[in-house]
Amino acid sequence: MIMVPRRPYSLTICLPSSVLSLAHTLVEKTMLAGQIARAASIYRVDNIVIYLDKPSAKDDAMLMKDILAYAETPQYLRRYLFPLTKNLRYAALVPPLRTPHHPLSGEDSKFREGFVLKSGEKDSLVDVGLQEPVRCPRPLPLNRRVSMKYVEGTWLPASREEIPYYWGYQTQIDLKGLGHHLTNTNHDYVISTSRLGVPVSQVAKDIRGALLNNHDIVILFGSPDEGLHEILRKSGLDLEQVSDLIVNTVPHQGTETVRTEEALLISLAVFTLIENMDL
């Protein structure tokens with residue numbers, strides 16, 4: 001297992017609930033959500049916000065949240081946290097993420113995710129994916145997922161801030177839409193992706209500066225049917241006013257449209273390349 005360091009800043013992506021609308025069966029939707037989970041993990045995304053862009057896409061929003069959360073959870077914890085539901089009927093098709101918090105049972109790791117099996121006044125019993133549950137000399141919330149660290153022969157609870165490695169993403173839904181999320185969340189820097197934006201090559205220095213000098217960055221993505229201008233206009237917002245940068249990451253695209261999951265993978269790859277360039 002390669003213990004990849006976490007980013008020095010928090011990276012959030014906002015995706016429309018209708019991203020799954022181009023897939024017609026539960027199998028196809030599940031596999032598409034799995035691709036999003038893989039893309040987010042490859043590029044060390046910390047938070048995924050699914051915003052409702054169409055009332056008819058509410059079920060898809062719940063489906064995507066369930067699958068993304070399932071994929072992010074280490075395999076040995078899924079039986080505790082995810083009962084068999086319709087949304088997860090084909091979850092086995094989602095490819096494993098193999099992120100640092102998904103170690104195999106025989107791998108040596110000083111940090112692991114766990115599930116609290118028993119909790120008393122002085123100690124707890126936690127499943128951290130080893131052959132046997134481990135004992136923690138502290139009371140922990142029963143039946144809860146917890147992060148654990150191995151210190152001098154003892155497993156202790158750990159905060160995400162203590163873990164120096166990329167430790168997966170957290171998923172949330174905003175059923176009031178993208179505009180509601182942006183007006184109720186204080187991101188340091190907002191990057192919007194749009195076909196109408198400035199070609200990425202022209203603002204590479206600006207992007208690199210933003211990535212290196214901010215603590216909380218969010219990247220916005222439009223839907224298969226509407227761009228961000230149209231989506232935010234329905235909330236009475238102007239994309240130019242809520243964005244620090246509007247960028248086209250696929251200039252001179254050879255297709256009429258770029259699907260959201262394609263834009264996600266392309267954009268994260270481009271931004272990561274720019275971040276690591278000497279401009």
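## Exercises on aromatic pairs

Counting rings of Phe, Tyr and Trp (its six-membered ring) as paired if their centres lie within 6.5 Å, the total comes to 5 aromatic pairs. The model is predicted, with local features needing pLDDT of at least 70 and side-chain atom pairs pLDDT 80 or more, while totals for chains, interfaces and linings use all residues. Residues are numbered from 1 along each chain as its sequence is written, and side-chain values use heavy atoms, without hydrogens and water.

**Exercise 1.** Classify the pair formed by Phe111 and Tyr165, and locate its two residues.

*Solution.* Planes under 30 degrees apart count as stacked, over 60 as edge-to-face and the rest as tilted. The ring centres of Phe111 and Tyr165 are 6.1 Å apart and the planes stand at 75°, so this pair is edge-to-face. Next, Phe111 belongs to strand β3 (residues 111-119; strands are DSSP runs of E, at least two residues, numbered from the N terminus), whereas Tyr165 sits in the loop between β7 (154-157) and β8 (170-174), so the pair ties together parts 54 residues apart in sequence. Finally, Phe111, Tyr165 and Trp167 form one aromatic cluster.

**Exercise 2.** Classify the pair of Tyr150 and Trp155, then assign each residue its burial class.

*Solution.* With centres 5.0 Å apart and planes at 45°, the rings of Tyr150 and Trp155 make a tilted pair. For burial, under 20% relative accessible area is buried, over 50% exposed and in between partly exposed (1.4 Å probe, protein chains only). Tyr150, at 34% relative accessibility, is therefore partly exposed, and Trp155, with a relative accessible area of 8%, is buried.

Definitions and conventions:
Helices (H or I, at least four residues) and strands (E, at least two) are DSSP runs, numbered from the N terminus.
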